[in-house]
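Please give a short report on this structure for someone who has not met it before. Explain each term with its cut-offs as it comes up.

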Amino acid sequence: MFKSLILLVVLLFSVVSKLYSDELHMADSHGPISLMGDHIHKKGEVMFSYRFGHMKMNNIMNGTKNLRIDEVTSRPNSASNGSGVYMNSPISMKMDMHMFGAMYAPSDQLTLMIMTSYLEKEMTQQRMPMAGSARFDVNSSGIGDTRVSGLIKLYNGISTKTHFGIGLSLPTGSIDKRDATPVSSDARLGYAMQNGSGSFDPYFFINNVNSIGRFKIGQQFIYKTSSGKNSKDYNYGDNYNATIWSSVRWANNVSTSAKINYDYREKMNGSDNEMNPRMSPSMDSYNQGHQKMNLGLGVNLINHNNFLKNHRLGIEGIIPLYQRYEGLQMKETFRLTIGWQYGF
Ligand SMILES: [Cu+2]
């Protein structure tokens, strides 16, 4: 996989083909569909988007090591001074995300962007052998956090486009999602099952795209922090997210992309008192923070026919290349993003 990526990058710099007019909407004038804020708009332009995201997690990792279920339920939790073990082990989790976005450019220099989402999550856990090893599911759903950003143009040439962005994630997602568990008919669910961070989280990003004919190479770096503890007395650690991607335009209306993303999240500050760390690794604030590197392969399509002209469709599949977790956490296995975008 790495060899073919290196080949692709070499190809990028060795092939130069003719430049297309900036006015024609091209499949590759947007980055891979999972990327947000990858482009800006011209004065007066409006764009709407909808993305469907599916994420699947399976089994537990500690650091870079896979753990069996019986190993998870024999590990000490952070609440018992090393003497008590976890009563349940997460087995799998899946999440469906419906993401809605709008962009508007009041000027060529500034593009405003707002994004929110509706989340549906399900986690399956297995009880410890002493409790019979039975499996149970918990579910949550609701609106996620809402992000408001300003994208500011730095440079907009034919072969190089650069902008930076500042934004704020608003805590519109609930951090009091509850469901029935074997020990309570109404328990607050673990951190991963909550729908938001509960805090105002400012972020900053820089985005760059270089074009050489039918080839593009882009970079994006995002730093996100937290303004302080939420109402349940915790906040997520700072997040650093770097992406490098490249795309090839096979025709004006079709392009494919490859993307490498690195995501680093620091440990959590504080913890939610109502979550009992003895219950499950997913309720233990000690089990937060990660490093993940993943590969995304995608297709971008734009419709040039008169009916639904310039409507875009993007699909991207994302698989992990490397993941390292603080404590015991569920590992990611697969992500899929399908998105529609329309600008006018
Ligand atoms: Cu847009």
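The report below goes from the whole chain to one strand and its neighbours, and then to the nonpolar cores.

This is a predicted model, in which local features need pLDDT of at least 70 and side-chain atom pairs count only at pLDDT 80 or more, while totals for chains, interfaces and linings use all residues. Residues are numbered from 1 along each chain as its sequence is written.

**The whole chain**

The chain has 2 helices and 17 strands, where helices (H or I, at least four residues) and strands (E, at least two) are DSSP runs numbered from the N terminus. Its C-alpha atoms fill a box of roughly 70 × 40 × 35 Å along the principal axes. The radius of gyration, taken over C-alpha atoms with a globule rule of 2.2 Å times the number of residues to the power 0.38, is 22 Å, which agrees with the value near 20 Å for a compact globule of 344 residues.

Of the 344 residues, 38% count as buried; a residue is buried if 20 or more other C-beta atoms lie within 10 Å of its own, exposed if 12 or fewer, and partly exposed in between, with C-beta atoms placed from the backbone.

**Strand 14 and Lys 259**

Two strands pair if DSSP finds at least two bridges between them, and strand 14 has the pairings in this table.

| Pairing with strand 14 | Sense | Bridges |
|---|---|---|
| Strand 13 (residues 239-251) | antiparallel | 12 bridges |
| Strand 16 (residues 290-302) | antiparallel | 12 bridges |

A hairpin of 2 residues joins strand 13 to strand 14, and Ala 242 has Tyr 262 in strand 14 as its bridge partner. On the pairing with strand 16, Ser 255 stands opposite Asn 300.

Lys 259 lies in strand 14, which covers residues 254-265, and counts as buried because it has 24 C-beta neighbours inside 10 Å. Leaving aside residues up to four places away in sequence, Lys 259 touches Pro 32, Thr 243, Trp 245, Gly 296 and Gly 298, a contact being two C-beta atoms, placed from the backbone, within 7 Å.

**The nonpolar cores**

A nonpolar core is a set of buried Ala, Val, Leu, Ile, Met, Phe, Trp, Tyr and Cys residues joined through C-beta atoms within 7 Å. The largest one has 17 residues, and those with the most contacts inside it include Ile 60, Met 93 and Met 330. Strand 1 (46-63) and strand 17 (311-343) are the elements that give two or more residues to this core. Apart from this core lies another of 9 residues, among them Leu 35 and Met 99.
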